[in-house]
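Biologist: Could you zoom in on one strand for me and go through it slowly? I'd like to hear what flanks it and how the chain moves on from there.

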Amino acid sequence: MIMSTSRRKIEHLELCAASPVESRKVGPGFKDVMLVHRALPEMDMDNIDLSVNFLEKNMNAPFMIASITGGHPDTTPVNAALAEAAEELGIGIGVGSQRAAIEDPSQEESFSVVRDKAPSAFVYGNIGAAQIREYGVEGVEKIIEMIDADAIAVHLNFLQEAIQPEGDRDASGALEVIKDICSLAVPVIIKETGAGISHEDALLLKDTGVSAIDVGGVGGTSWSGVEVYRARERKDTESELIGELFWDFGIPTVPSIVECSVFLPVIATGGLRTGLDIAKSIALGASVASAALPFVEPALKGKDEVICSIQNMLNELKVAMFLCGCKNVKDLHLAPTVISGWTREYLELRGFNVKDLALRSKNTDFQRV
């Protein structure tokens, strides 16, 4: 079991770096979102303030490096590069699932290196909901201590678990164990891993006492797709066919951001590739945005490549804010935003009045009908 989990982690990283693992036919929905242009922004772009306070931690920009890796010796330099970039840029960072380090303490360095290299950054830990039942609150406390985490993310990856032959398909009691760990001293983030979170589930999660929701919507890395490659390698035809069928299954990122408008901080993850995507996410209701896949290849080359990639996105974010007349992130939360196409149709069928987003100002708020 120890070797299986560790080996799986390096396989995932290698596949994400070398194979097309993103959603094939379903995008995150950003093409259906338009920020209303202000021809007279009446501001100096150089004075735009990107800083935010997220879960009681100050960050220089509303962006985080989403959970990528850890759990194998070869992932240590990757996490080191990512952490160094996060520290230098003053943004947040998450680690991959720490399950491997619980099973095999020799893997702890691949995770603890993140805090070593990013002593002042917002760092969050990571464990699957399916594993909390096995390790209990004490196990979660251990992984928090492992990286001196500012928060703990509990990932919901039941789509991936359903396809993995070694997956844990028992999702019963997940809400109860999530409620149990909400008593811990650090905030609890619930994180989907590529299939999105519905309004119904967001309300259930809010009732458990979680501190934030990471939508992890369709449009970025498909972990069903990743499992297709693994199944193909071991000649597991049944798992490969199921993975192919569910490659794009779930709620895309944009509608999931709106679905999760339940008066909790929201992290927009899933297919964000530009600063304009970040701006749209925040205008739709996200507190911060995050991405993982775009930084896998740069991280294999070193921290400077990661910094360059993220800085480009933050520069694009500033341009987007300037053209919308938003001098800070608070202004961006109130920027008029038009949703069209399939995304509008989906949201309206789900009971959301998207017209409120298009017409809002500082004196209005967006709510579900």
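Modeller: Let's start with pairing: two strands count as paired if DSSP finds at least two bridges between them. The elements themselves are DSSP runs, numbered from the N terminus, with helices being H or I over at least four residues and strands being E over at least two. Bear in mind that this is a predicted model, where local features need pLDDT of at least 70 and side-chain atom pairs count only at pLDDT 80 or more, while totals for chains, interfaces and linings use all residues. Residues are numbered from 1 along each chain as its sequence is written, and side-chain values use heavy atoms, with hydrogens and water left out.

Now to the strand I'd pick, E8, which covers residues 188–192. On one flank sits strand E7 (residues 151–156), running parallel to E8 and joined to it by 5 bridges. If you want a spot to look at there, find Ala153, which stands opposite Ile189 of E8. Strand E9 (residues 212–214) is also parallel to E8, with 3 bridges between them. In that pairing, Ile190 stands opposite Ile213 of E9. To get from E8 to E9 the chain goes through helix H8, and this β-α-β crossover is right-handed (that is, with the strands pointing away from the viewer, the path from the first strand over the helix to the second runs clockwise).

How covered is E8? Of its 5 residues, 5 are buried, where buried means under 20% relative accessible area, exposed over 50%, and partly exposed in between, using a 1.4 Å probe on protein chains only. In a regular strand, side chains alternate between the two faces of the sheet. Here both faces are covered: Val188, Ile190 and Glu192 are buried on one side, and Ile189 and Lys191 on the other. Yes, that list includes Glu192 and Lys191.

For a view from the crossover helix, go to Leu205, which lies in H8 (residues 199–208). Leu205 is buried too, at 4% relative accessible area. Contact here means heavy atoms within 4.5 Å. Leaving aside residues up to four places away in sequence, Leu205 touches Leu175, Ile178, Ile190, Ile197, Val210 and Ile213. Notice the two familiar names: Ile190 and Ile213, both touched by Leu205, are the residues that stand opposite each other between E8 and E9. As a last yardstick, the C-alpha atoms of Leu205 and Ile127 are 16 Å apart, and 78 residues separate the two along the chain.
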